[in-house]
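Colleague: Could you take me through this model step by step, explaining each term as it comes up?

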Amino acid sequence: MPPTDLTAGPTAVDHLTAPPHNVAVIGAGVAGLAAARALKAEGHRVVVYEKSDRLGGTWAYDPRVESDPLSLDPNREIVHGSLYQSLRSNLPRQILGFSDYPFSTKTNRDPRTFPGHQEVLQFLNEFAAEFGLVESIRFGTEVVRVERDDLENDRWVVESRHQETNLNELFTAVVICNGHHTVPKVADFRGREKWPGKQIHSHNYRVPDPFEDLIVVVIGDGPSGTEISLEIAAVAKQVHLSSRSSEVRVSKMDYGDNMWQHSKIDHANENGEVVFEDGDVVHADIILHCTGFLYSFPFLKTEGISVEEGRVGYLYKHIFPPKLGPNLSFLGLPYMTLVFQMIDFQAKWVAHVLSGKARLPSEEEMEADVRQHYQSMEEKGIPKYHTHSLHFELDYLDWLANQVGAKGVDESARLVLKSYLKFFIGRDKWRQKDWEPTNLM
Ligand SMILES: Cc1cc2nc3c(=O)[nH]c(=O)nc-3n(C[C@H](O)[C@H](O)[C@H](O)COP(=O)(O)OP(=O)(O)OC[C@H]3O[C@@H](n4cnc5c(N)ncnc54)[C@H](O)[C@@H]3O)c2cc1C
Ligand SMILES: *[C@@H]1O[C@H](CO)[C@@H](O)[C@H](O)[C@H]1NC(C)=O
């Protein structure tokens, strides 16, 4: 679902320039790195806060899992990463990278079309080195508070913690790049809490070994749900995949004789049974929730930004809160898109707006634009939690590129994406990683 009226607002890059900003960037994943590069290119001063000791965010594989496998315990120590050990990208390498720093620049890589997470991390390390970003990153430093200064409204306080020491610093702009694949969304069904088996969210899934010989119910048939199901099926006794999209009533699947597809879970019983909406019953050992993640900005203390049902609002073009922008911005919220390219275009637009090379519409116009987006979703019956889904439509990316005078998504990337989507959508998402460039059509 592309945002509404893509032609609204000023488009041409003009020649106004403002003094450089002091910018705090929160996070050194894809978004934080792209932001640092774009901001520096526009002459801004940048500090990147990164709570871990590595750059790469999601792509820095972390074998640790949280103490509560459903991540509901408020006192747990949070692990940022959600990758499992075997994960390969779900975009082919031809369209995984940035438009002006493609993934395929380097040779002697893994020959597979869908690279493993190690190679993606290596790519991000090279990107950071190439653009001199590492020296701007403060590793091991967690941002615990971002707040507009009471006295001087155009200053932002960033409170950070390094080891045991807290530090308050003032900035003129803050770019939030903390990612949104860390706080699990857990499936809700009657009897969940009293169900005696083990329950785990994919956030805390790393390897299939603990599922050996067990009867497993997997909830959710997104990319993680399908891939993890296949991986587990190789060792588990049975895998039962439950999804809201499934219209099939108990079908045995082609992918091994120990996999079944079911409708949504209706409820679970204290005797260990899991009862599906279509009446089927499975006596399972473990339920694996592959049900996605929640947006969360625990450090943001300034009011005016709401997060509900997967919607961060109000945000103009998924980035600027009309009341607080352009000095507060959010990168990387949209999904179902060419993530790296999108983030990079967003970062460049933010950098240009801050330097005065691109201008935002008035607060009222931005609010009206967001309201119109929400309203058109409502009229089409699209649920709130799809607010930031781009459904692989590229207009938004082209719109962003246009704001900074760049060429949008190029023709060859469009072709690859189209061919790849055609390859599995409505057909066989279980085999999406069989796509090869020779399938271009
Ligand atoms: C299982 C899985 C598979 C995926 N597969 C793909 C794929 O194939 N292709 C694709 O394009 N995308 C994929 N993604 C999406 C992926 O999240 C993006 O590619 C990208 O990593 C998003 O980057 P980001 O910078 O927005 O967030 P992240 O990578 O999450 O980085 C956020 C960073 O912020 C830091 N941070 C957070 N809070 C604070 C704080 N308070 N203070 C300081 N630092 C903080 C974190 O430590 C982290 O380093 C996948 C995601 C998951 C979970
Ligand atoms: C954004 O920052 C600039 C430069 O510090 C300042 O002049 C402007 O007032 C700020 N805008 C808002 C809405 O705070």
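Colleague: Which residue in S6 is the bridge partner of His-162?

Modeller: Before answering, I should say that this is a predicted model, in which local features need pLDDT of at least 70, side-chain atom pairs count only at pLDDT 80 or more, and totals for chains, interfaces and linings use all residues. Residues are numbered from 1 along each chain as its sequence is written, chains are lettered from A and ligands numbered from 1 in the order in which they are written, and side-chain values use heavy atoms, with hydrogens and water left out. Strand S5 (residues 156-162) pairs with S6 in the antiparallel sense over 7 bridges, where strands (E, at least two residues) and helices (H or I, at least four) are DSSP runs numbered from the N terminus, and pairing requires that DSSP finds at least two bridges between two strands. In S6, the partner of His-162 is Thr-165.

Colleague: Which strands stand at the edges of the open sheet that holds S4, S5 and S6?

Modeller: This open sheet has 3 strands in the order S4-S5-S6, and their pairing is antiparallel. Because each edge strand has a single partner strand, one side of it is left without a neighbour in the sheet, and the two edge strands are S4 (141-148) and S6 (165-171).

Colleague: By how many degrees are neighbouring strands of the S4-S5-S6 sheet turned against each other on average?

Modeller: The angle is taken between axes, which are lines fitted to C-alpha atoms (for helices over the stretch in contact), and in general angles run from 0 to 180 degrees between N-to-C directions. For neighbouring strands of this sheet the direction is ignored, and the average is 20 degrees.

Colleague: Are the residues of strand S10 buried or exposed?

Modeller: A residue is called buried under 20% relative accessible area, exposed over 50%, and partly exposed in between (1.4 Å probe, protein chains only). On one side of S10 lie Ile-215, Val-217 and Ile-219, on the other Val-216 and Val-218, and both faces are covered. Of the 5 residues in this strand (215-219), 5 are buried.

Colleague: Which residue of S11 stands opposite Val-217?

Modeller: S10 pairs with strand S11 (residues 238-242) in the parallel sense over 5 bridges, and 4 bridges join S10 to strand S17 (residues 286-289), also in parallel. Val-216 stands opposite Ile-286 in S17, whereas the residue of S11 opposite Val-217 is His-240.

Colleague: Which strands do the buried residues of helix H3 pack against?

Modeller: Helix H3 (residues 223-233) forms a β-α-β unit with S10 and S11, and this unit is right-handed, meaning that, with the strands pointing away from the viewer, the path from the first strand over the helix to the second runs clockwise. Its buried residues include Gly-225, Thr-226 and Ile-228. With contact taken as heavy atoms within 4.5 Å, the buried residues of H3 pack against S10, S11, strand S13 (259-262) and S17.

Colleague: At what angle do helices H1 and H2 pack?

Modeller: Val-30, Leu-33, Ala-34 and Arg-37 in H1 meet Leu-124, Phe-127 and Ala-128 in H2. The axes of H1 (residues 30-41) and H2 (residues 117-130) are 10 Å apart, and the packing angle is about 20 degrees.

Colleague: How far apart are the C-alpha atoms of Arg-431 and Thr-226?

Modeller: Arg-431 lies in the segment after helix H7 (411-424), and it counts as partly exposed because its relative accessibility is 42%. Although Arg-431 and Thr-226 are 205 residues apart along the chain, their C-alpha atoms are separated by 9.8 Å.
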